[in-house]
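Let's take a walk through this one together. Have the viewer open and follow along as we go from a single side chain out to the whole chain.

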Amino acid sequence: MPEHPQTVLVVGIFGVVYLGMILGGLPRLHLDRTGVALLGAIAIVGAGVMTPEAAARSIHLPTILLLFSFMVISAQMRLGGFYSAVTRRIAALPLAPTALLGLVIGVAALLSAVFTNDIVCLAMAPVLAQACLQRRLDPVPFLLALACASNIGSALTLIGNPQNMLIGEVLRLPFGAYVLDAVVPVTAGLLALWALMAWTLRRAPAAAPPTAEQLTALADEQPPFDRWQTLKGLAVALALLAIFLFTDWPRDVAALVGAGLLLLSQRFHSSKVMGLIDWELLVLFMGLFVVNHALALTGATQAALAALQAQGLHLAEPATLFGATLVLSNLVSNVPAVMLLLPAATEPGAGATLALVSTLAGNLLIVGSIANIIVVAAARRAGIAIDWRRHARTGVPVTLLTLALPAAWLAWRPL
């Protein structure tokens with residue numbers, strides 16, 4: 001029996017959108033993943049598959065609000081110079097290189113678990129690179145450790161990165177229970193990262209003295225420290241953590257109130273804060289919500305799951321979901337992968353598996369996470385080269401090690 005024309009159209013749009021997710025854009029067009037997702041949503045509405053009102057309802061508003069709110073909080077901390085001040089304080093400590101490396105990993109992971117890991121990397125990378133150059137240390141191992149630690153640390157909570165926010169909000173995962181599930185594999189992953197990077201660091205030659213151009217480029221990216229604005233941001237963040245852990249207040253509403261309080265400022269104009277919001281990521285989320293919901297309305301999503309089950313692949317099973325998340329996260333990136341796999345996350349513990357694996361898989365390649373791209377770009381501006389081969393020499397073993405740990409944890413203690 002032939003498919004309904006509308007089903008064929010939606011499947012076609014979905015296929016083009018996810019091809020764009022794989023390629024990072026579409027051939028011959030100046031479009032990135034966000035542009036492709038947005039055009040896919042426009043095509044769904046323009047073709048009459050969904051009305052504009054229905055498309056708006058398909059967007060999971062709690063996820064968008066939570067993501068936006070924590071972008072505001074992280075922007076406040078960056079404008080207050082908190083991340084830069086912390087990094088400078090760490091770098092000034094009279095520590096051996098391996099001890100300094102361990103402290104960088106621990107602090108980056110902790111900050112990324114509470115604040116958006118992308119902004120943590122954006123603020124810490126130039127300060128860390130400058131400190132390494134001034135101490136005649138090879139900055140590459142430290143910068144790679146920063147990127148990897150921010151990804152691993154962000155897996156600890158349901159607010160550490162965008163995909164975890166999505167999983168936590170859609171599946172309504174308890175905040176504290178998820179932290180208890182994640183703390184062992186995340187801590188073990190950070191220790192494994194330190195051991196690997198410390199071994200790399202011992203083999204690294206001393207860096208050449210920094211040039212004036214390098215130090216100028218790095219200094220330009222560091223905002224001055226503002227104690228009052230930093231304390232405001234920290235107070236809101238700590239209050240939200242307490243609310244998430246000990247109350248039933250909806251996380252999106254609580255975070256939105258916190259963001260609103262931070263926007264009431266006599267020092268930072270709201271336009272400065274808004275300028276640090278990752279609007280493209282928000283649009284990417286909204287476009288994918290529309291496209292994926294349109295596919296679900298055709299019944300194609302359930303048909304695909306049924307076909308996989310007929311072949312013996314039950315995505316709801318932990319091992320299968322683990323493998324599918326790992327592959328898709330590196331094929332289409334972690335946010336689109338999570339959106340694809342969420343309908344299959346029906347079993348107890350599926351949400352934690354999806355969150356841990358999709359986040360840890362981001363260390364494999366530079367394009368696996370925005371945090372990696374940010375650190376590599378910051379290094380490039382300072383004349384420090386980190387190409388995909390250099391990153392892969394760290395990213396591949398780190399990913400294999402950190403994924404083996406939750407796999408063993410899940411096998412020993414099913415979530």
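**Starting from one leucine**

At 0% relative accessibility, Leu-166 counts as buried, because the cut-off for that label is anything under 20%. Keep in mind that you're looking at a predicted model, not an experimental one. To find Leu-166, go to helix α9, which covers residues 162-171.

What does Leu-166 touch, once you skip residues up to four places away in sequence? Its contacts are Thr-63, Phe-285, Phe-289, Val-338, Met-339 and Leu-342. For a sense of distance, try Ala-404 as well: Leu-166 and Ala-404 are 238 residues apart in sequence, and their C-alpha atoms are 24 Å apart in space.

Now slide along to Arg-172, in the loop between α9 and α10, the latter being residues 175-203. Is Arg-172 buried or exposed? With 73% relative accessibility, Arg-172 counts as exposed, since the threshold is over 50%. Its backbone deserves a look too. Most residues other than glycine have a negative phi. Arg-172 isn't a glycine, yet has a positive phi of about 55 degrees.

Ser-333 gives you another case of this kind: its phi is near 85 degrees, a positive value in a residue other than glycine. You'll find Ser-333 in the loop between α17 (318-332) and α18 (334-341). As for its surroundings, Ser-333 is buried, with a relative accessible area of 14%. So here are two loop residues with positive phi, where Arg-172 is exposed and Ser-333 is buried.

Time to zoom out. How many helices and strands does the chain have? The count is 21 helices and zero strands. Along the principal axes, the C-alpha atoms fill a box of roughly 70 × 50 × 50 Å. A compact globule of 415 residues would have a radius of gyration near 22 Å, and the chain has 21 Å, so the two agree.

What about the inside and the contacts? Of the 415 residues, 54% count as buried, and Leu-166 and Ser-333 are among those we've met. Take the contacts with a separation of 6 or more: residues 24 or more positions apart account for 80% of them.

Finish at the surface. The chain exposes about 18000 Å², with carbon and sulfur atoms supplying 68% of that area. The chain also carries 22 positive and 18 negative charges, and the mean positions of the two sets are 11 Å apart.

Terms used: Residues are numbered from 1 along each chain as its sequence is written. Side-chain values use heavy atoms; hydrogens and water are left out. Helices (H or I, at least four residues) and strands (E, at least two) are DSSP runs, numbered from the N terminus. The radius of gyration is taken over C-alpha atoms; the globule rule is 2.2 Å times the number of residues to the power 0.38. Buried means under 20% relative accessible area, exposed over 50%, partly exposed in between (1.4 Å probe, protein chains only). Contact means heavy atoms within 4.5 Å. Accessible areas come from the Shrake-Rupley method with a 1.4 Å probe; for residues, only the protein chains shown count as cover. Lys and Arg count as positive and Asp and Glu as negative; His and the chain ends are not counted. The place of a charge is taken as NZ of Lys, CZ of Arg, CG of Asp or CD of Glu.
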